[in-house]
Amino acid sequence: MMVVEEPIGVTETVRIPEQRDEQLLGAAVRYAEERHWDVFPGTWLQVQEGKERCSCGDAGCASPGAHPTRPDWAGRSTGSGVAARRMWSAQPGASVLLPTGRTFDALDVPVSAGCLALARMERMNLPLGPVTCTPDRRMLFFVLPGAAAKVDDLVGKLGWSTAAIDLLGRGEGHYVVAPPTRIGGRGAVQWARRPTPANRWLPDAEEIISPLAYACGREAADARLRLS
């Protein structure tokens, strides 16, 4: 499938080929076996009356084919490749979801700010983990667990509030949608920076929060100017 390679140089929408079920199963197994990430299957897309709809049955689903199927999703996650293969073999079209707060947290920012921050961090040779880009125009930077609990304080020390600059922390009790999961007709989640042996060791939030917050603050200020 088509991916966004590092570094991101454009923010244009890329046409995503139709998702193949075997890609989902293979990705889930690789995440569990190679990265030791917990995975769990979510909802899937199904065709009803000629239209793709979420398996949850809600015609207005906010995240079609890409959310948990039940409230106890956290207890269903597994770090076993064998178990992951069994789960996705039972429902090959299920989305691949990764619980946060275990082996990693995620810093969630608008894609425009994320691209700016990513380019700056690469120039600064800062340590970086994997980064996803969603069709909802968000970027998620994988960092060490515990980031979500301290992100408000870290951003506050830099002179901003997380709400004002749209910088979110995802930790315990949350999850991220993993590539190559497709979110309805919007497109697929992609890797902006793929998981590799070089980024197996994740950065702490403190190591990348400054350029992220700066980029988010700049984008928020520009947005306010456009509305004034």
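This passage describes the nonpolar cores of a predicted model and the packing of helices H5 and H7. Residues are numbered from 1 along each chain as its sequence is written, and side-chain values use heavy atoms, without hydrogens and water. Because the model is predicted, local features need pLDDT of at least 70 and side-chain atom pairs count only at pLDDT 80 or more, whereas totals for chains, interfaces and linings use all residues.

The largest nonpolar core (buried Ala, Val, Leu, Ile, Met, Phe, Trp, Tyr and Cys residues joined through side-chain atoms within 4.5 Å; buried means under 20% relative accessible area with a 1.4 Å probe, protein chains only) holds 28 residues. Leu107, Met139, Phe141, Leu167, Ile208 and Leu212 touch the most other members. At least two residues each come from S5 (105-110), H4 (111-123), S6 (131-133), S7 (138-143), H5 (147-157) and H7 (205-227), where helices (H or I, at least four residues) and strands (E, at least two) are DSSP runs numbered from the N terminus. H7 supplies the largest share, 7 residues. Apart from this core lies another, of 21 residues, including Phe104, Val176, Ala178 and Trp191.

H5 and H7 pack at an angle of about 45 degrees, with their axes 11 Å apart; axes are lines fitted to C-alpha atoms over the stretch in contact, and angles run from 0 to 180 degrees between N-to-C directions. The two helices are therefore oblique to each other, that is, neither under 35, over 145 nor from 65 to 115 degrees. Their contact (heavy atoms within 4.5 Å) involves Ala147, Lys150, Val151, Leu154 and Val155 of H5 and Ala205, Glu206 and Ile209 of H7.

Notes:
Buried < 20%, exposed > 50% of the residue type's maximum accessible area, 1.4 Å probe, protein only.
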